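User: Hi! I'd like to go through this model with you, one question at a time. Could you keep the reasoning short and easy to follow?

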Amino acid sequence: NVGLLVLQHVFKSMTEASICGNNNPSLTPATATTIFCRTLGINPYEQQDSQEFWKLLLPALSHPPLTSLYRGTLQSYITALDGSNREKKRSEP
């Protein structure tokens, strides 16, 4: 699976960067993920939060043991803090 191989490369790069930075976060160089995203067909320049990225990542990896582990429905719940008792729920697969 190409996606898993590219993911493995990202983790290897992160490990090497950590060693290079002597395991000190402030000295550890950043690891580029542009090639990883492009390989999976994910636009690396589109702003996403972690949940949005996760929803794109799992199907792109095409690895049933991983995708079946994280199967389910995402539910977002937002409540207004202005005392109006407004709230919004959203469920999506």
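User: Let's begin with N22: is N22 buried or exposed?

Analyst: Happy to help, and please keep in mind that this is a predicted model. N22 sits in the loop between α1 and α2. The cut-off for exposed is over 50% relative accessible area. N22 has a relative accessible area of 67%, so N22 is exposed.

User: What is the phi of N22, given that N22 is not a glycine?

Analyst: N22 belongs to the loop between α1 and α2. Although N22 is not a glycine, its phi is positive, at about 60°.

User: Where is S62, another residue with a positive phi, found?

Analyst: S62 is not a glycine either, and its phi is about 50°. As for its place, α4 covers residues 64–69, and S62 is found in the loop between α3 and α4.

User: Now the overall layout. In what order do the elements of the chain run from the N terminus?

Analyst: The chain has four helices and two strands to place. Reading from the N terminus on, the order of the elements is α-α-α-α-β-β.

User: Why is the chain described as more spread out than a compact globule?

Analyst: For 93 residues, the globule rule gives 12 Å, and the chain is well over that, so it is more spread out than a compact globule. Along the principal axes, the C-alpha atoms fill a box of roughly 50 × 35 × 25 Å. The value behind the description is a radius of gyration of 18 Å.

User: What percentage of the 93 residues is buried?

Analyst: Buried here means under 20% relative accessible area. The accessible surface of the whole chain comes to about 7400 Å², and 56% of this surface belongs to carbon and sulfur atoms. As for the buried residues, their part of the 93 is 16%.

User: Which elements give two or more residues to the largest nonpolar core?

Analyst: The largest nonpolar core has nine residues, including V6, F36 and L57. Also among them are L7, V10, C37, L40, I42 and L61. The elements giving two or more residues to this core are α1 (2–20), α2 (34–40) and α3 (50–61).

User: Which residues does L40 touch, leaving out those up to four places away in sequence?

Analyst: L40 is one of the residues of the largest nonpolar core, as are L57 and L61. With residues up to four places away in sequence left out, L40 touches G3, L57, A60 and L61.

User: Moving to the strands, how far apart in space are L74 and R90, C-alpha to C-alpha?

Analyst: L74 is in strand β1, residues 74–79, and R90 is in strand β2, residues 87–92. Beyond four places in sequence, L74 touches R90, along with Q51, K55, S91 and E92. In sequence L74 and R90 are 16 residues apart, and in space their C-alpha atoms are separated by 8.1 Å.

User: What is the relative accessible area of R90?

Analyst: R90 touches L74, Q75 and S76, not counting residues up to four places away in sequence. R90 also lies 6.6 Å from Y77, C-alpha to C-alpha. R90 counts as partly exposed, and its relative accessible area is 47%.

User: And L74, what is its relative accessible area?

Analyst: Partly exposed covers the range between under 20% and over 50%. L74 falls in this class, so L74 is partly exposed, with a relative accessible area of 25%.

User: Last one: how far apart are the C-alpha atoms of S50 and M14?

Analyst: S50 lies in helix α3 and counts as exposed, at 62% relative accessibility. S50 and M14 are 36 residues apart along the chain, and their C-alpha atoms are separated by 18 Å.

Notes: Residues are numbered from 1 along each chain as its sequence is written. This is a predicted model: local features need pLDDT of at least 70, side-chain atom pairs count only at pLDDT 80 or more; totals for chains, interfaces and linings use all residues. Side-chain values use heavy atoms; hydrogens and water are left out. The radius of gyration is taken over C-alpha atoms; the globule rule is 2.2 Å times the number of residues to the power 0.38. Buried means under 20% relative accessible area, exposed over 50%, partly exposed in between (1.4 Å probe, protein chains only). Accessible areas come from the Shrake-Rupley method with a 1.4 Å probe; for residues, only the protein chains shown count as cover. A nonpolar core is a set of buried Ala, Val, Leu, Ile, Met, Phe, Trp, Tyr and Cys residues joined through side-chain atoms within 4.5 Å. Contact means heavy atoms within 4.5 Å.
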